[in-house]
Structures are given as C-alpha cells and as structure tokens.
Amino acid sequence: MGYQRVLGLHLIFFSMFLVATKYTCLGAQNSTVSCHERERLALLQFKRSVKDDFKVLSSWVGTDCCSWKGVRCDEATGSTVVSLCLRGSNKERWINYFEEDHYLVADKVNACLKDLRHLKHLDLSGNDFQGSRIPEFIGSFKQLSYLNLSNACFIGIIPHHIGNLSNLKVLDLGTYSLNYNMLTPNDMSWVSRLSSLEHLDLSEVDFLQAKNIDLVLYMIPSLTHLSLRGCRLSDTDIDLRLNSSKILPNIEHLDLSFNNFEGQLPHYFQNMTSLTFLDLSLYDLSLEWNSVNLLNMIPSISELHLYACGLHNSHFAPTYLNFSVHSNIQYLDLHGNSIGGRFPSELMNMTSLRVLDLSNNNINSSIPAMPNLLKLDVSSNNLENIELVGIWRRCQLKELRLSHNYFGGEMIGPSTNTSECSQYALEMLESNYNLLNGAIPESLRRLSNLRVLTLASNRFKGLIPKALQRLRSLNVLELSSNDLTGPIPTFHGKLTTLSLHQNQFSGSIPESLGRLTCLTHLTLSSNWLTGPIPASIGRLASLQEFSVSSNMLIGTIPFSLGQLTKLRYLYLSNNSLEGVVSEANFANLTMLKGMYIASNYKLIFNISHEWIPPFQLRVVQLSSCKILDGFPQWLQTQKKLKILELSNTSLHGILPTWLRKMSAISNIDLSHNQLGGSLKNLPNMYQSEGYFYLQDNLFNGSIPRSLLCRSTKLIELDVSMNRLNGNIPDCVENLQNIRSLTLGSNGLSGVLPSSLGNAFSSLTWLKLENNNLNGEIPRDIRNMKSLRVLDLGNNKFSGNIPKWIGENLTSLMLLRLHKNTFTGTIPQSLCNCSYLQILDVAHNYLTGSIPHCFGELSGMINASWLDIHDGSYDYDNQDVIQVMKGMNMEYSKTLDLVFNMDLSSNKLVGEVPREITALALLMGLNLSHNHLNGSIPHNIGNMKALNSLDFSDNQITGMIPQSMGTLNFLSSMNLSHNNLSGRIPTGSQLQTLTDPSIYAGNRNLCGAPLPNNCSNHENPPTIAGKNRYQDDNEPKNLWFYLDIMCGFAAGFWGIIGVLWFKKQWRMKLFMMAQAGVDKVYVAVAVKVSKIKRGRETN
C-alpha cells in the first residue's frame, strides 16, 4: 500500500520512540566507570555461548564492560550493569539479501545472564534462539522495566515467572513471521501481577489453548498500548458479558487485527474513552454491521483500520452512520473490502478525514473531490478511465495512488472545464500498471509541488516531456517498464531516484547525470544504451544503487566508480564491457553489498591474492567474465556472502579449504569451469534455503556425505557432467526441501538408495541419466507426488517399468527411461499421466503392444498449465536430450514447447494404434526398430504438429495414407524397411523430402523420389489443391479476366509462376522456410491451447 497507514505508523513510531528513549538503550552513553567483575565474566560467558558471525559483540574485550557495545552501567553506583541492548536484525525468517544483517545465533539464552541482577532494561529481540523457550530466570530481574524478546525465534509456553516483574512498563513478545512456530501461553493469569505495565505487544502469540485471556483486558489498568494482532482469538475470547468499567480504561492504542472475530462488537468499547487508534482488520462485519455502535461509542478514535472486514456499500447508508459524531476520524482504512459500484458519497460528510484508503475494492464510479482530504488511495479498483479519478479537480490533495486499475487510453491533461485549481498541492502521484498509452502529458508541469511521480509498467511512448525535466521539487521519477524512446534527457532539480529501466532509450549515458548530486538510485538497465559508462557518474557522492545492466555498453569500468563511498549495489551485467578489472576499481566502495557484473565476456578480473576488500558483500555475480589466477582468494574475507556465481569464468584447480567455512553462503554457481578434485570443501547448507550448481566441471571422487546429509536446506543441486563415481549416499532423505536433483553424466554406480522416495515430497526434477546405475527402480519413488521430470536414461536399470509410475506420479510431464534393460510390457497406467508431454522408453527390451489409451494423453493434445521448469533458478541449464529428426537434440529454454514420443528399438508388436493420431501437439513420433505390423493409420494427417516421424525397420504394410501429404511441418521422415506399397503421396511438404533412402526397403513403393515410376493406369493420389483449366468455350468473358490479370502479371506471375513451373526452385523455397515456420507454428499452437485450457479450468 504505502501511505494507507502513514498517520498510524507515525503515531506508532512516535510513541515507540518515546518509549524507546525512556526505557531502551537509545541515547545511552558509554560509561567510563568499570563494571563489577562478576557481571563482566557473565557477559563474557554469554559471548562464548552464541554464534556471532556478524561481529555484534566484537567490542566485548578488555576489563571495562561498561564501555562495551550494548552494555550500560548505572553511573550512580559505578559498577552495576543496568541495561543490555542486543537488538538484532533477524525480523524475518526468510532471507533478505538487501538488508544489513546483525544478529546472534544460539540454541538457548545462557543462564549466566542471571548474574546481571540489577538489570532494568533487557532487549534480545531480532536474534535467533532457534526455537528454544523463553528462560524462566527472566522472572528474577526484579528491577526490570523494559523487556523485549520479539522476533527472536522463541517458541513454546510463555513462563509465568514473567509475572514477577512488577516494575515492568514495556513487554514485547510479538513476532511478525508466519514461518516459525508461535509462542503458546497456557494461562494468562500472570499478567494480572504486572501492575505498572503500559505497553504490551503479544502479536502472533497463539492464544488458541490459553486460559484467562480476559485478564489481559481488565486487570492492567495502567495499559495504554495493547497489540493482540494475529493471536487466533475468537468471539468467546472477548466475552460480550464483560461490561466492566475496569476494562482498559486508559487504553490509547488497541490492535485486534487478523484474528477470527465475526460476531457483535463488544460493548465495553464504550468505556475506552481515551482510545485514538483501533485496528479491527479481518474482523468479519459482513453479516451484522456494527458501525453505529463502533463509531458512536468511541468518538475519540482518530485512526481506524477496517481492512478486509467484508464491508459493502449498504454499510455506509445514513441509517447506519451518524456523521455528526465522527468529527475526530482523520485516518480511515477500508482497503480490501467489497465496496463496489459507486463511491460511498456518505464519506464526504466526514470533514475531519485527512487520509482515506479505498484500495482493493470494486469501485467503478467517479471519485468526488473532498476538500480537506490530503491522501487518497484508490488502487486496485475497477476504474475504467483515469478521468474518473479527477486528478485536476483535487487542489489540496497531497498524495494520490491509483495503480492497478488498468485504465488504458491516454493520460489527458486538464481542460478549461475540468481544471478548478490555480495551484496544486499534489506531492505524490502513483499510477503504475494502468495500461496508459500515448505520450506523457506536458500538463504535468502544473504539478509544481510534485516530489514523487511513478508511472511504471504502462505503455507510454515517445520522449520524456520537458515538463518532467523542469519540475524543481521532484525527488523520485519512476518511468520503468514502458515504451519510451529517444536519448536520456538532461534533468534538473533535486532528484534522488531516477528509474528508467525496461524502456527503449538509445544513445549514450549523458554526462549531465553527474550533476544530479542528490541521486541515491539510478537505474537505466534493459534499454538500448551504447557507448562507455561516463566518468561523471563518480561525482554522485550519495549514490547507493547504479544499474545499467542489459544494454550495449562498451569500454572499461571507470575508476571513478570506485570512489562512490555510499554505493551499495552495482549492476553492470549483460553488456560488452572490456578491459582489466583490478582492486583499484573498488578502492573506496566501503558500503558495497551487491556486485553484479556477469556476462561481460571481454572483461578480465586480475585481482591480487593479498587484497583485502573494504566491503562485505552479500552477492557476487561474475559469471561469463574471465578470472585470472584461479579461485579468487579475496572472497574468503566476505563473511556475509550469501550468493556466489562464478559460472563460466575459466576457473581451474581445486576448491579452496576456506570455502567450507563460508557458512552464510546459500547459493553457489561454479558451473562450466575446469574445477577438479573433491566436493568436500563446499559449505554445508543448513541455515537457509538455496542452490548449488556445479555442473560441467572436472570434479571427481564420490559424492561426499556432507553434501547430501548436512545441507538440509538445499533446494536445487546440480553436479552433472563431472567425473564423480561411487554410490549415491544413503542419507538423501535429509534433503527435505529439495526441488531439483541432477546427478547425470557422471560415473555413479550401484542401486538407488531405498530411502530415496522418503526424502522428496517437494521434488519436481530427478535426473540421473548417463551413469552406471543398476537394479530396479525403488518402489518408494512413488512417494514423489510432485515429480514432473524423471530421467533415468542411459543406465543399467532392469526389471519391468513399474505400474505405480502412472498410478502415483500423475504430475509427470517428462518420463525418460532411454537405453536401459527394462523388460515386460508398457504399463497401461502411464495413460493416467495426463500432463505427460515427453515419453521416451527407447532402446530397451520391451514387448507387447502399444497401449491404445496413449491417445488419451491429454498433455500431448492440449498444452498443460503446469510449468515443466517449476520456477527453477537454473532455468537455462535444465536440459533434456531427445532424439528428433534422427539425431540427439538438447532442449532447455524451449523444453516446455517439446512434445515427443519415442518407443523405438524395442520388441513391440501389433499395429500402430489409430488412437495415437489424436495427439495433436506431438512433434516427434519414433516407433522404429520394432516388430509392428498392420498399416499406417489413415488419419495420421490429424497430427498437424508432426515435425519428425520414424516408422522404419518394422513390418508395416499397405499404402502410405493420402492424409500424410497434409503434414505441413514434417521435415524429417523415415519409412524405410517395411512392406509398404503403392504410390508415394504428393503434397507441398512431402515434396521437400527428396532423399530416396527414407523409402528404401519397400519393394512395392513407386513415385518420386524413388526411381521406379508408377504405371500410367493408376489414378494419381493427388491431395494438393486442384489446378484445372477451363475449356475454350467457358467462360465466355475470358477476355475480361485476362485483361484484369495483365495489371499484375509482372509482379505476381513473374515470381509465383516461376515457382509453379520450376519444381526444383519450389522445393528449395519450401526447405528454406521450413525451420522458421516450424517454430512459429508450434509456439502459436501451444499458446492457443494453453488459453483454451485456462478457460476450461475457469
């Protein structure tokens, strides 16, 4: 949303600031007095008990602990520690690569802290105590007035000992992450003993099984701030019978949002005469509207949040609302409701209203002007025209958000009829994702106070208007993802953010950008910019982000970029930069967090092994550049590194031993290099989810158990195309989060571990091809319900193809068992794999007939909505080998467009099933080298997408069906060595297949391209368009038509006529056009099929 909670957040943060300055370590000065020896030793013991990867406690050395960071002593006594503030940044359980991390990790809070008996302030929030319980000894700190244990990964029962802290004024046990187990109190009676408490935050504490919840409401009379957000409370927990005047008489801030309330509002709200902030978001008010009670009995409210409460227009009728008593409401949040059709005009009577959020509703009418309103959000409604918003009628409005309405049309400026303002107060205009087109209007110059303008993800064309270049107050200009053209103009004013990425700007990066000295974010990526990076960029002393990726820039990286001391993120990837990069290029980048310089093939990194960088990076992306002198040694200093991508950088040698100690790394891509040796030096991935891409190297030895047994958070692992050998470790069940496991093209041997199927409920890709694996497919693999790709090709697997593949793995899109020693029949159950688009069981010892139900494989008839890559990070490298057109072809990016069935080189018998011709999307069909008989199905022409067809080396009889001549995309065919007879059909595409060997071994075939002609009495099986000439006697007006044709004979007959009579030329033309037309047809067919499938599912 952005601003919809601005006033509320201001009040919250302001109150929190007052609390913090009163109760927290804000403003604390390092004392010069020396702490008590017993307390100093306790602090050192605590330091030893935690893992401090981010050097939070690096200052804890020496004898004077009162000078240590986070420690404050009582200056009156001169020795006792009264405050311990170790607030960390681990507020979310998911990784945020763009934030500064600083938090401690421990399996519990060490009991040594008990020796800090005089503590008044304790803050351990934002650290990671790994699911341990809040220690009971916390209750022994009798003088404690501030306790903050929020977002610290505590779970389990809240100890009642906290109730002993009678001096406590602030207690924060809340969390804002749904990815971790919650605190679960069993009895809340202990809160009644906290007689001095003023601020209580229990957000997302699970009250489902708790007793005495009502004590929180009426046994703490001093409470002014209470947050019970997301506590799974229900109506019974706020008992309507509680009508006591003792219930929170002094409460000012009450948050009951994101619970399970749905009944009548509690009557005791009327006693909360001091309440100014109330959040009832997700309180189901759709069945019984309580606005009369709510607003009338709490006239003091100034900020009200009713997000997703099921409200609709009738709830705003005058019979429900008495606006005379609502003079205090300044902030009203109604976003995410069901307000549809007309704007609730009754809201116009709320003259005190300053902020109104109506986003995510269904309003489609004009939005009236409200003279006193300062901020309005109507994003994500059904407004069909930007004129309905009335930008030019709003004189006093300061912030306007109207994104995600998909207006379409042009953004028209004011006319003399609609402009009612001599001057506009508007400071922020946000109109993203609205399909606005045409030029950006020059009339925006009238918004002289504009500070933020975001028009991203529209369809604006043309140049950036001069009006925007001259807005002197403009701080943020966001025009990304449009179709703007021309050179980047010169801007004036005080721009801090200039975002122009994903447009069609051309020319060079102007030197004038170096004069925008206030710039903090400059993003010009994904355009058509040329020339070098100007040295003037180095003058932007405040720059934090510089992005010019995916352009056509040349030249070297200017040394001036190395002087940007505040730069955090450097994006230079996908250009044509060249030259040598040394440590001098990064000399003063002390704040750098992300280095993105990949895919600059002429760029050479030559950095000294002794260099110690001035920064601590989170992300390094140097793939497809050249790195000299082996693995970069300077990386061992980057203790906070999370993403390391050095693919295709000419690395060689073995992995350094220090790499295994880089525990913060979650994503590694070292693929396509010449790295060798063992994999034992890889870091263990047990802290956060990520991927390892190590394919196409020279790694040897066995797969280390540490890689699969300890890296429990791995999502993707690819070690294919190496020289690994030995068995697959039997501890793979530890990889509970893995989605893609690729071990192909190595020398792995032995049977698959029996526990394999118990490991991967989330696995979608399993590729073990091109190894020496043997035995039967383990039955436990049937537990992989999400599997989409199973490739066991080119191994030594034996036994029957299991029936449970079709019974249990119903999400399979690709099944490849190519070149093994499977026996038995093809199981009918494979027909249950309705998403299957590639089936390859070639080169086995399969017998029996082809299942007729293969014609029901809907994944080869209508395109599936499933993504075969399943959102893989390594989309470009997920490839599969398929035999098409008689050769091995590798598919990766276009894999989702490939539909192929290869049953060749088996011992199959019987006829080619007629039902198989229903597979309209099938591009390749290979049934060669079997013992099939009967005839080719006569309606094979229905398989319009066929590109490759091979029925060779069978015992097929009869004539080649005439419908085969309609296969317009057939570019490879082999019918040799069968018992076919009769005339070879003609057709536009068949005429391009001129190699007679594709019909060899069929004695009774005749016609081109074979040398033996058919007898004259045979009727030519022509299926091409008929070309008959009229008799001399008709039509009578022949001369009329000849006269018309003379006008364009030279242009038409001169080209088409030559091709008509010159068979050789015509055949060459078809062959030249085949490759392009083939791809276009399949892409369009798949797209149309996906759209139809989407409509059917809807």
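Here are a few friendly notes on one sheet and one loop in this predicted model.

1. A good place to begin is the open sheet. Six strands build it, in the order 18-20-22-24-26-28, and their pairing is parallel. Strand 18 (437-438) and strand 28 are the edge strands, each having a single partner strand, so one side of each has no neighbour in the sheet.

2. Next, look at the edge formed by strand 18. This strand pairs with strand 20 (residues 459-462) in the parallel sense, over two bridges. To find the pairing on screen, look for Asn437, which stands opposite Arg459 in strand 20.

3. Now move to strand 24 (504-508). Three bridges join strand 24 to strand 26 (residues 528-531), and the two run parallel. Here Gly507 stands opposite Leu529 of strand 26.

4. From strand 26 you can step on to the other edge. Strand 26 and strand 28 (residues 552-553) run parallel and are joined by two bridges. Thr530 is a handy marker, as this residue stands opposite Met552 in strand 28.

5. Finally, follow the chain out of strand 24. The loop between strand 24 and strand 25 (521-523) holds Ser512. Is Ser512 buried or exposed? With a relative accessible area of 10%, Ser512 is buried, because the cut-off for buried is under 20%. The side chain of Ser512 also makes a polar contact, at 3.4 Å, with the side chain of Thr490.

Note on methods:
Residues numbered from 1 in each chain as written. Predicted model: local features only at pLDDT ≥ 70, side-chain atom pairs only at ≥ 80, totals over all residues. Heavy atoms only, no water. Helix = DSSP H or I, 4+ residues; strand = E, 2+ residues; numbered from the N terminus. Buried < 20%, exposed > 50% of the residue type's maximum accessible area, 1.4 Å probe, protein only. Polar contact = N/O pair within 3.5 Å; in protein donor to acceptor, adjacent residues only side chain to side chain. Pairing = 2+ DSSP bridges.
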